[in-house]
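Me: Got a structure here and I want to go through its charged side chains. Can you walk me through them?

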Amino acid sequence: MERQKEFVLRTLEERDIRFVRLWFTDVLGTLKSVSVAPAELESAFEEGIGFDGSAIEGFARVYESDMVAMPDPTTFQVFPFEGRGIGESARMFCDILTPEGAPSWADPRHVLRRSLSKAADRGFTFYVHPEIEFFLFKDIFPETGAKPEPVDDGGYFDHTTHSVARDFRRQAILALERVGISVEFSHHEVAPGQQEIDLRYADALTTADNIMTFRHVVKEIAMTSDVTASFMPKPYNTQPGSGMHSHLSLFEGEDNAFHDPGDEQRLSKTAKAFIAGLLRHAPEFTAITNQWVNSYKRLYSSAQPGQISEAPSYVSWGKANRSALVRVPVYGKPNSARVEIRSLDSATNPYLAYAVLLGAGLKGIEEGYELPPGTEDDVSALTGAERRAAGYQPLPANLEEALDKMESSELVAEVLGEHVFDYFLKNKRQEWEDYRTQVTAFERKRYINL
């Protein structure tokens with residue numbers, strides 16, 4: 001760690017970096033930042049940066065407000081494209097500490113670290129590969145709530161020649177690679193204006209940091225292109241929403257713990273128990289992976305006839321089945337064996353989301369959960385009676401149902417810790433109440449003349 005600190009300080013001097021931004025997130029996943037002068041960074045490495053935790057969503061009550069942001073030098077990265085002609089800038093993620101130097105229970109990064117530590121105690125390293133979807137809009141109208149205008153009329157995998165979207169993706173990928181984030185794929189998604197960029201797999205903490213950086217870079221590049229990037233899960237009534245399908249795997253040293261060449265499905269007992277854990281606890285952690293009122297408009301999506309909508313509404317798993325909550329890809333080498341969970345949306349707090357997913361999978365392994373038979377059905381195309389007959393349990397239909405399931409979950413409470421668990425429930429209960437009491441344009445249009 002000392003050598004990494006020395007590298008950071010030397011780089012600041014050699015590259016004439018004028019601004020160092022220290023990043024962390026609140027409980028809801030909103031990026032927070034404080035800038036320090038390079039001359040102050042050496043003392044920040046030793047003492048951290050004090051701040052008022054009571055002013056940050058979910059961090060502390062007024063009488064325990066003093067908190068410390070401690071920069072993590074292993075996350076140092078120069079942002080060469082943000083200088084605007086006045087020198088380069090850089091960023092580091094922070095761990096949040098109490099004044100006594102203990103990790104803060106309210107820090108989402110610490111929540112994920114605890115889950116990763118539990119996995120490490122069993123000999124596992126947890127890797128994640130996210131597929132991040134988002135929209136590009138020409139214009140948005142947050143004041144009136146009017147429908148935003150997409151930058152193009154493209155569809156899935158369309159080659160949108162000379163469009164803003166194609167040029168935007170190229171610029172965004174170049175910017176991400178310049179800050180050390182590897183991109184595997186990018187393409188136009190199903191809805192007009194909808195894009196997908198897939199990040200290369202990494203350990204879960206690095207991936208969560210990369211997702212937060214990704215959101216910042218995408219919004220910055222969008223601004224320079226005179227468009228708006230949005231991670232809202234479901235901006236249109238009859239178009240698919242934006243998900244963040246995540247591929248998960250456990251490794252034991254260099255070996256993929258999910259692969260068993262002797263098994264008919266090439267899945268190890270560890271993989272099967274992990275999947276069973278995800279399935280059994282899915283209704284309990286859905287409030288975390290889908291944290292906004294709008295998230296449930298995506299899960300229970302209304303798409304145009306014949307249009308693809310890959311958001312899962314029911315608990316099931318299958319090999320190569322894109323209607324299932326958990327999909328097992330059939331392509332790839334033994335060391336790429338993984339499971340894909342498809343419910344997450346791109347507005348989630350990635351630290352909390354990956355913590356609860358890992359917690360559910362480890363619970364399945366520890367308790368030896370039995371994996372139910374996989375499905376080949378297109379679950380979304382079945383009738384309600386057919387789904388009930390087949391035993392497909394629905395995910396929560398709205399945020400209130402998700403919070404009720406979460407509140408009764410011992411697993412989610414254990415993974416998040418009491419502070420984050422209680423605050424998240426309180427905040428989201430208020431969001432639901434604010435939403436529930438709104439009279440919408442839909443209601444006025446339908447009922448005002450009755």
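Me: Start with Glu407. Is Glu407 buried, partly exposed or exposed?
Reply: Glu407 is partly exposed, because its relative accessible area is 48%. Keep in mind that this is a predicted model.

Me: What does the side chain of Glu407 meet in a salt bridge?
Reply: Arg429. The N to O distance is 2.6 Å.

Me: Where do those two sit in the chain?
Reply: Arg429 is in helix α12, residues 418-436. Glu407 is in helix α10, residues 399-407. They are 22 residues apart, so the pair links distant parts of the chain.

Me: And how accessible is Arg429?
Reply: Its relative accessibility is 27%, so Arg429 counts as partly exposed.

Me: Which residues do shared salt-bridge partners join into one network?
Reply: Asp72, Asp95, Arg109, Arg113 and Asp209.

Me: How many salt bridges turn up in the whole structure?
Reply: The search finds 21.

Me: OK, switch to helix α1. What does Lys5 pair with?
Reply: Lys5 forms a salt bridge with Glu2. Their closest N and O atoms are 3.5 Å apart. Both residues lie in helix α1, residues 2-14. The spacing is three residues, about one turn of the helix.

Me: Is Lys5 buried or exposed?
Reply: Buried, because its relative accessibility is 14% and the cut-off for buried is under 20%. Glu2 is at 47%, so Glu2 counts as partly exposed.

Me: What about Glu14, which residue is its salt-bridge partner?
Reply: Arg10. The closest N and O atoms of that pair are 4.0 Å apart. Glu14 and Arg10 are four residues apart in helix α1, so about one helical turn separates them.

Me: How accessible are they, Glu14 to begin with?
Reply: Glu14 has a relative accessible area of 60%, so Glu14 is exposed. Arg10 has 42%, so Arg10 is partly exposed.

Me: New topic, surface charge. Which residues form a negative surface patch?
Reply: Glu376, Asp377, Asp378 and Glu386.

Me: Where is Glu386 placed?
Reply: In helix α9, residues 384-390.

Me: Why does Glu386 count as partly exposed?
Reply: Because its relative accessibility is 41%, and partly exposed runs between the 20% and 50% cut-offs. A patch residue needs over 30% relative accessible area and no salt bridge.

Definitions and conventions:
Residues numbered from 1 in each chain as written. Predicted model: local features only at pLDDT ≥ 70, side-chain atom pairs only at ≥ 80, totals over all residues. Heavy atoms only, no water. Patch = residues over 30% accessible without salt bridge, like charges linked within 9 Å, V, L, I, M, F, W, Y side chains within 5 Å. Areas by Shrake-Rupley, 256 points an atom, 1.4 Å probe, with all protein chains shown as cover. Lys, Arg positive; Asp, Glu negative; His and termini not counted. Charge placed at Lys NZ, Arg CZ, Asp CG, Glu CD. Buried < 20%, exposed > 50% of the residue type's maximum accessible area, 1.4 Å probe, protein only.
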